[in-house]
Protein chains: 2
Amino acid sequence: MREDKNSHILDFLFRPRSVAVIGASNRLLTIGNRIVRNLQNMQFTGPVYPVHPKDSQIEGLAAYPSISHVPGEVDLAHIIVKNVQVPRVLEECARKGVKVAIINTAGFKEVGPEGARLEAELVRIARSTGIRIFGPNCQGIINADPEVNAYCNFTFTKPRPGYISIFSQSGGVGEVMNNRLCELGDGLRMYASTGNACDINCQEILAYWGDDSDTRVIICHLENIEDPESFIQMAQKVSEKKPILMMLTGRTRVGAQAVAFHCGGQLTGRVGDESLATESGVLAFRSLEEICQTARAFVHVKIPRGRRVGIITNTGGPGIIAADELSEAGCELPELSEATKNILKQALHPEAIVSNPVDVLATAGPKHFRAALAAMLGDPKIDGVLFSFVTPFFVDCETVAREVVQISAKTHKPIVCVVMTDKTLWGATLQIFRNAGIPTYSQPEIGAKVLAAMSKYGEKIDS
Amino acid sequence: MREDKNSHILDFLFRPRSVAVIGASNRLLTIGNRIVRNLQNMQFTGPVYPVHPKDSQIEGLAAYPSISHVPGEVDLAHIIVKNVQVPRVLEECARKGVKVAIINTAGFKEVGPEGARLEAELVRIARSTGIRIFGPNCQGIINADPEVNAYCNFTFTKPRPGYISIFSQSGGVGEVMNNRLCELGDGLRMYASTGNACDINCQEILAYWGDDSDTRVIICHLENIEDPESFIQMAQKVSEKKPILMMLTGRTRVGAQAVAFHCGGQLTGRVGDESLATESGVLAFRSLEEICQTARAFVHVKIPRGRRVGIITNTGGPGIIAADELSEAGCELPELSEATKNILKQALHPEAIVSNPVDVLATAGPKHFRAALAAMLGDPKIDGVLFSFVTPFFVDCETVAREVVQISAKTHKPIVCVVMTDKTLWGATLQIFRNAGIPTYSQPEIGAKVLAAMSKYGEKIDS
């Protein structure tokens, strides 16, 4: 795709063949230094051209006094110079044939009317020359695809390749989510934090990721939606192909006021209006932890066809917490069919609770879990299973884990795994899930929330 | 206290001078083996007397054929024999002078009418002999006080001494919370999971912990409150002395039905009725993660005198998330006084947002944070501060952390710290907080929820 001259304009942003850094620097701890080093550290697959008025070398790379001095073609340029110089540099980029400019520099719309005028000037240049702008006042992008390795960004997270793409209006929020996914051992596909987004906006990037087959799920953080109509239209279209998990902040009066300050006081769009989520058919979240945990599930766990959940637990309490959460999030916990109940009564301890939740009891071993999972998954009234497991010291937990992994691989219904344990002592048990690519959740309420979100999406695409 | 013969009856449970284990075993992976080993591993400070019909040694300790054969006085006895044998063994314990019996054995009220009759028999024995019962169908207790080290329980968590006491009707839920607190590096004071609670109940333990000066905060998980009147009365009384964080499960129809099954189908009390929390003046939670994180804060962070919060952030987005959460949880984010604003305008970058939240900008260094914290804490309109910090690579984050620690030590207002970072690369920064005993939160919404809960409690006790 990177060889195709007629490719999508955003290929120049996310799959650039070359990157210039205008405002590159040898001074450590500057953005102009960090971006060059990030590109080097991630082993960006194309040439990097630092631009510096005086230095002829930046971080060991040949540097050029201006973008016009750069010998090769430049797909993407970072602009990190002082805000008043940005329009001139942007024009120079356009003349050079740069396709997209990431303007990291701040001091535009977000600082008031004067900055807004400067930003309008950038938009004018873009419209007249055809160069596209990402930003200003933004972090940049990441493409963790090993064919590209574009770390065009000054954040600290080491992205590992994966299937989750993150759009975040706020760089800080994007960074927190990206970092959390890394911590959880999950990878990133692409990342974009647009800041003021004066030109390339969320819907354009959503459309691009909608067509990117390795983006399996999209996380989207927004504070202000400038053009709600077009956003809704695009989000609807893309979420038919893959789930969009959205966090819309500024839903309270003080929150909205803070968004206004954050955006320079000029709000023209809809802020923190969560009804946008319903209108767009996306999944709404209010917690960064929940949005990250749910994204992981969409990558690794099958999507349920409906909202009828069966719970299998080996301790009553966590099963009840899960039942409360699932039920409140709109899932059903149907009574099991008589056939299923009979199978369970045969297979489990006589004191086991054969209902929904099924309480197999703490003493249940691998064969009990196998039987309970098979019976639940075989029940036509159940669309997905929440497996709630506190690891008892007297049970062969590793074999239980292997059973779950095996059954998971064979069924078309999802099993969301809540594994409550000491991560050190039961490390081998957790590793069995990890090796099979099955995420585990440490608390029943989070597993339940994840399964509820998946059910909501599953029901939508199945209808 | 342990020498005082006239001490509180629950001293025999939580500070026993000696423990017998009736049903102790040399067979690994049995409860009777695990309890003996837990007592040994935690170095219980009194003698342990295993009771076994045949073996004369259990885990290296002299074992006795019955409780009456035990040579010394026995404060506390575990009973792990078959359910139908429990009444006989309990009577024997009473004759021996045992003060409290932890009946771990299951197969009572929770399995139906026959079990309920057996349980009623236990209560009758207790009433007539004076022996007190903890359980049946329960895990047991822990007292992590190094003077006692009573691990009278078969769970896996290694308790470290601390200031949080956990009451949990469900052993599974108690274990998840205890384990999470350990993971977070926080300690436990006492732990009790009562199961069927036929005699010693939640309110009696709450009263005891209310008088225990080293219990600074109580976590309480309940599925069913048998005697709501007396519970409310006790919870009100205790929560005037220290915060009670309560999780009441079974709030939905399916949840309540699961509680009924879990408790043997005979519900006489109030299930999942969260209005109990309001009536009792305790703080209600629906998430195990939030209850644990809030408990930590009550141990380490000062309690605010009211609900007026100031936010200091170095990235807009997380500050807005915190503003939404705080505001929704009933906190106010007052506009700063003119005096405070003037101080901030002088001290911060010219582009900084001088409002509430204060956005000091990502480039803010130690002196900017110091100034912002001093100004906010000095503002009489502010009761507590949420410090929201994404660690930029170009900022001396360790010095920022040291500033926060120093200021925290001097002020009587709380600073709740949200530190969003790569835990490996910024390990030294996090360690500065940890060394000072200041918990840090990884997501703005959790920090906000914690501060909101503290504010609610602070306002109550201050009024």
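In this predicted model, chain A is assigned three domains: domain 1 covers residues 1-137, domain 2 covers 155-300 and domain 3 covers 302-462. A good place to start is the pair formed by domains 2 and 3 of chain A, whose centres, taken over C-alpha atoms, lie 30 Å apart. Where these two domains touch, domain 2 of chain A supplies twelve residues and domain 3 of chain A supplies 15. On the domain 2 side, helix H10 of chain A (residues 288-300) gives the most, with seven residues. Sorted by class, that side of domain 2 of chain A holds four nonpolar, five polar and three charged residues.

Stepping back to the whole chain, chain A contains 16 helices and 21 strands. Its radius of gyration is 25 Å, close to the 23 Å that the globule rule gives for 463 residues, so chain A is as compact as a globular protein of that length. The C-alpha trace of chain A spans about 80 × 45 × 40 Å along its principal axes. Of the 463 residues in chain A, 59% are buried. Contacts between parts of the chain that are distant in sequence are well represented: among the contacts in chain A with a separation of 6 or more, 73% join residues 24 or more positions apart.

One helix of chain A can be followed from end to end. Helix H16 of chain A runs over residues 444-462, and its 19 residues reach 26 Å from the first C-alpha to the last, close to the 27 Å expected at 1.5 Å a residue. H16(A) is mostly covered, with 14 of its 19 residues buried.

The next topic is how the two chains are arranged. Chain B is superposed on chain A by a rotation of 180 degrees with 0.0 Å of shift along the axis, at an RMSD of 0.0 Å. This is the relation of a two-fold axis. Within chain B, the C-alpha nearest the axis belongs to Glu289(B), at 5.4 Å from it. Both copies use the same surface, as 100% of the contact residues of chain B recur in chain A.

The contact between the chains takes 53 residues from chain B and 54 residues from chain A. On the chain B side, the elements that give two or more residues are helix H5 (171-183), helix H8 (253-262), helix H10 (288-300) and helix H11 (316-328) of chain B. H11(B) makes the largest share of that side, with ten residues. By class, the side of chain B that touches chain A comprises 22 nonpolar, 20 polar and eleven charged residues.

A single residue of chain B gives a closer view of its interior. Ile244(B) is found in strand E14 of chain B, which covers residues 244-248. A residue counts as buried if 20 or more other C-beta atoms lie within 10 Å of its own. Ile244(B) has 26 such atoms within 10 Å and is therefore buried. Apart from neighbours within four places in sequence, Ile244(B) is in contact with Ile218(B), Cys220(B), Ala235(B), Val238(B), Ser239(B), Val282(B) and Leu283(B). The C-alpha atoms of Ile244(B) and Arg216(B) are separated by 9.5 Å, with the two residues 28 apart along the chain.

Some details of the backbone also deserve a look. Most residues other than glycine have a negative phi, and most peptide bonds are trans. In chain A, the peptide bond from Gly135(A) to Pro136(A) is cis, with omega near -5 degrees. Pro136(A) sits in the loop between strand E7 (132-134) and strand E8 (140-143) of chain A. Asn356(A) and Pro357(A) are also joined by a cis peptide bond, with omega about 5 degrees. Pro357(A) belongs to the loop between helix H12 (338-347) and strand E18 (358-359) of chain A.

Positive phi values are found in both chains, as the following two residues show. Glu59(A), although not a glycine, has a positive phi of about 50 degrees. The loop between strand E3 (57-58) and strand E4 (61-62) of chain A holds Glu59(A), which counts as partly exposed with 17 C-beta neighbours inside 10 Å. Leu29(B), likewise not a glycine, has a positive phi of about 65 degrees. Leu29(B) lies in the loop between strand E1 (19-22) and helix H2 (31-41) of chain B, and with 12 C-beta neighbours inside 10 Å it counts as exposed.

Key: Residues are numbered from 1 along each chain as its sequence is written. Chains are lettered from A and ligands numbered from 1 in the order in which they are written. This is a predicted model: local features need pLDDT of at least 70, side-chain atom pairs count only at pLDDT 80 or more; totals for chains, interfaces and linings use all residues. Domain bounds come from an automatic or database domain assignment. Two residues are in contact if their C-beta atoms, placed from the backbone, lie within 7 Å. Helices (H or I, at least four residues) and strands (E, at least two) are DSSP runs, numbered from the N terminus. Ala, Val, Leu, Ile, Met, Phe, Trp, Tyr, Cys and Pro count as nonpolar, Asp, Glu, Lys and Arg as charged, and the others, Gly among them, as polar. The radius of gyration is taken over C-alpha atoms; the globule rule is 2.2 Å times the number of residues to the power 0.38. Copies are superposed by least squares on the C-alpha atoms of residues with pLDDT of at least 70 in both. The expected span of a helix is 1.5 Å times one less than its number of residues.
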